[in-house]
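Let's take a relaxed walk through this model together. Have a look at it first, and then we'll pick out a few spots.

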Amino acid sequence: MPIVPDVPEHGGAQDDDRGAARPSGPLFRDEAFRDEPFRDDTYRGETPSAQPYAAVPQNPEPMPDAQQPAQPQPQPQPQKKSAGRDLGSAIGVGVGLGVVIIASLFFVKAVFVGVIAVAVVVGLWELTTRLQERKGIKAPLVPLAIGGAAMVVAGYVRGAEGAWVAMALTALAVLVWRMTEPPEGYLKDVTAGLFAAFYVPFLATFVAMMLMADDGPWRVLTFLLLTVVSDTGAYAVGWRFGKTKLAPRISPGKTREGLLGAVAFAMVAGALCMQFLIDGGTWWQGLLLGLAVAVSATLGDLGESMIKRDLGIKDMGTLLPGHGGIMDRLDSLLPTAPVVWLLLVVFVGSG
């Protein structure tokens, strides 16, 4: 029989009944590593008994990024609202234009009519140039410029009758002028030409027609002041308090709060102008006039924005620093002119 060595009944980790168990294994880790700092592996999803303590690395790996304590992110600094244009240049150009307009308006009426005609011709040049650049539409500029200037003069000399006759002759000239070129695109070119003739010179003619009255300069000044005050009120209130978009698909910068500001400013200015500047006018008429101007100026601005969005441009031109082009300043004036002319005729007569 081979000799078999004695084996402890409960394995090598213990003595038999004659002796105490020897300290070994994980049951005695606190004694075995008494001088080492306690390390807890539970943060990695493991219990201390899942592996021998001796296998725990002395310098545990850093926690994964997903389980790292969230670091406080720096808060973005609030941005100041921007006016969107060079205010210094815009104010300087505006003051310069105002001086020219007021001086010509009150000293020599004919010079002011010339100022209107020049503005019309430049506006037509900007509009037709942008149409050709962005859409390939060739509205004939020569008959438009000549007819537009003639329209303004006819409105000043002969009133509404002269303006309509000049408009009809301008439309006929556009149709004939375009016949000198190939027929391709004829319809869209003459359609754009007729639109330009109505939009710029014909609407501007109502300013010249206001000038015909005995108090014509004051009527024109009232028209200009109310339109500028309306735009200023919309800008100031909208920039400071505007939150609700008025027409985001057309002009994202315009707000309903800005429209209310335009109405309030224009109504106050209208009451003052009708009471102190217009012969026979009263303050309540000025309230109605200011309300109408605020609405028409806003619609005119939106209409111009619609055209520029269709063309894919921000400004119609760059002639006026801080303002864009001439058409960018005429956008609210043009549709407001017939509104003011008509209401003044209703309230105090044609003069």
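Start at Gly312, which comes right after helix 8 and has a positive phi, near 75 degrees. (Helices here are DSSP runs of H or I with at least four residues, numbered from the N terminus.) Helix 8 itself has 29 residues and spans 42 Å from first C-alpha to last, close to the 42 Å expected at 1.5 Å a residue; that expected span is 1.5 Å times one less than the number of residues.

A quick word on the source: this is a predicted model, where local features need pLDDT of at least 70 and side-chain atom pairs count only at pLDDT 80 or more, while totals for chains, interfaces and linings use all residues. Residues are numbered from 1 along each chain as its sequence is written, and side-chain values use heavy atoms, with hydrogens and water left out.

Now for Arg130, which sits in helix 3. Is Arg130 buried or exposed? Arg130 counts as buried because its relative accessibility is 14%, and buried means under 20% relative accessible area (1.4 Å probe, protein chains only). Its side chain makes a polar contact of 3.0 Å with that of Glu133; such a contact is a pair of N or O atoms within 3.5 Å, one able to donate a hydrogen and the other to accept it.

Here are two sets of contacts (heavy atoms within 4.5 Å), leaving aside neighbours within four places in sequence:

| Residue | In contact with |
|---|---|
| Arg130 | Lys135, Leu311, Ile313, Met316, Gly317 |
| Val220 | Leu105, Phe112, Val207, Met210, Leu211 |

How values were computed:
Helices (H or I, at least four residues) and strands (E, at least two) are DSSP runs, numbered from the N terminus. Buried means under 20% relative accessible area, exposed over 50%, partly exposed in between (1.4 Å probe, protein chains only).
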